[in-house]
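This report introduces a structure to a reader who meets it here for the first time. The sequence and the model are shown below.

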Amino acid sequence: MRFVRKLHRWLSLVILIQVLIWLVSGLYFGWVGHQSLAAHDYFQSIPATPVGSVFYPENALIERFDNVKSVEVRSISDTAQYLVLTIDGSRHYVNAQTGERWQTSAPLAAKLARQSYNGPGSVKEVQAVTGSDEIIDWNKPGYRVIFTDEIDTRVYIDAASGEVVDHRNNNWWLSDWMFRLHFMDYSGERDFNSLLNIIAATIALWFSLSGLILLGRSLKHRQLF
Amino acid sequence: MKLRQWRIWHRWLSLLFGLQLVVWSISGAYMVFFDLSFIHGDHLVKKLEQPIAENTLISPVSWVLEQHPQATSVRLMRQWIDGSLHTVYRVESQTGTQLLSAESLEPVKLDRMDIGYIARQHYSGNEETKAQVSYIEDRAPGELNPALLPVWRVDFNDLAGATLYFSATTGELVTKRHNFWRLFDFFWMLHIMDYQDRVDIETWWLKAFSIANILFVITGMALLYFHFRPRRRSRRAA
């Protein structure tokens, strides 16, 4: 028992701060909830609309790209768009009217951003960007559409596809850091299988189990008063 | 407070709230130890590569759109029907999804045999493994998102308890499950303390236990201080 108590005490020195971090960040997650954690306070998915008319034939696409797995046609703000998936995993976006590579203009980006937004603000500014520090796995050309609301909602639009990449707002950095601290992945990639986290989880497991044993002993010896 | 009092507080809080800390550390450790892609069951299925041949006979997509003016998405893709690969159109609208033969634009219905064959193509385990195919129309099991219904459920009789779910209308693989995922889901429930639906992270249980355990940890810090504080006994003795 002396050994268990010693183990509990020394492990606490190593892991105590991280346990507090886990508790505080966990409390934060529970407090703000899924939607705000994802910066989706004013997010809505854009409703799918009928495709409309298509001019450029699919056969041409199958010849144009190698190893086509599938060709989808859908509507991006009233214009039909082809999405070509190939075996190697790459995605090609083509204007289904002209057959040209899809392009997203700044006004179209603003329109798409508005469709994905259900907050009280309106579009304040549209900036052309290439990737963003706020979005970890997106580094392509696109737009940042800024709205006039109390949390400065920013909607990122990918230029090559016309897709909404994601929403961000002023509360984002805090949520982001809470995730980094909770997962012990300071790169921001939300990887909780990192070696550091595995080591910390192992220590925390021994820490709590040794505490459980000590509690059992206290109960057995009626040492609660 | 004196050392003895802190110790009593520490014991009481550990009894009332600290047990959840044990639950958190066990469930957290399980989730951290197993790689997420393994939990997702990515290893249960093969990567299928079936490009559409350049000379494939297909009706143009504009005909599909004339036939189905309400379609919000039309996708040309490959699917196994009657045991061989066919090129099909997957037509999606507000009312649902269906498959059409890409050549004739006639609707394609997949039956139990088709799903059994498609499942074999996807499954990466032993080819001899026995499997059971069942149709689920309205009652989704807890491990399946009800929005995906109706589906075919294919249970493989392997060690991992692998289950693959396929869309009843298109035969596409929609969900993979195995026992490690099921245990992960159970631990996730314990971790977020939503014992009902396993999705709500905003339960009052979670917030109350987080706050109580922060206090509990503070009593532990006090005990550490008492143990490691600089002693002044020598001075007094002098």
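Which residue is the bridge partner of A:Val73 in β1(B)? The partner is B:Val74. In the same strand, β1(B), A:Val71 has B:Leu76 as its bridge partner. The model is predicted: local features need pLDDT of at least 70, side-chain atom pairs count only at pLDDT 80 or more, and totals for chains, interfaces and linings use all residues. Residues are numbered from 1 along each chain as its sequence is written, while chains are lettered from A and ligands numbered from 1 in the order in which they are written.

**The sheet across the two chains**

Strand β1 (residues 68-76) of chain A pairs with strand β1 (residues 73-81) of chain B over four bridges, in the antiparallel sense. Pairing requires that DSSP finds at least two bridges between two strands; helices (H or I, at least four residues) and strands (E, at least two) are DSSP runs, numbered from the N terminus. These two strands belong to an open, antiparallel sheet of seven strands, ordered β3(A)-β2(A)-β1(A)-β1(B)-β2(B)-β3(B)-β4(B). Its edge strands, β3 (91-95) of chain A and β4 (107-108) of chain B, each pair on one side only.

**The contact between the chains**

Chain A gives 50 residues to the contact and chain B gives 48, where residues are in contact if their C-beta atoms, placed from the backbone, lie within 7 Å. On the side of chain B, the elements that give two or more residues are α1 (3-33), α3 (61-67), β1 and α6 (204-228). The largest share, 15 residues, comes from α1(B).

**Annotated spans of chain A**

An unreviewed UniProt entry lists two spans of chain A as "transmembrane region"; such annotations may be inferred rather than shown by experiment, and their positions follow the numbering used here, with feature names shortened.

| Span of chain A | Distance between end C-alpha atoms | Helix | Strand |
|---|---|---|---|
| Residues 12-31 | 27 Å | 100% | 0% |
| Residues 194-215 | 31 Å | 95% | 0% |

**Domains and second sheet of chain B**

An automatic or database domain assignment sets the domain bounds. Chain B is divided into domain 1 (3-36 + 184-229) and domain 2 (42-177), whose C-alpha centres lie 44 Å apart.

Chain B also holds an open antiparallel sheet of four strands in the order β5-β6-β7-β8. Because β5 (131-136) and β8 (173-177) each have a single partner strand, one side of each is left without a neighbour in the sheet. Four bridges join β7 (residues 163-167) to β8(B), and B:Tyr165 has B:Thr175 as its bridge partner in β8(B).

Technical notes:
Two residues are in contact if their C-beta atoms, placed from the backbone, lie within 7 Å.
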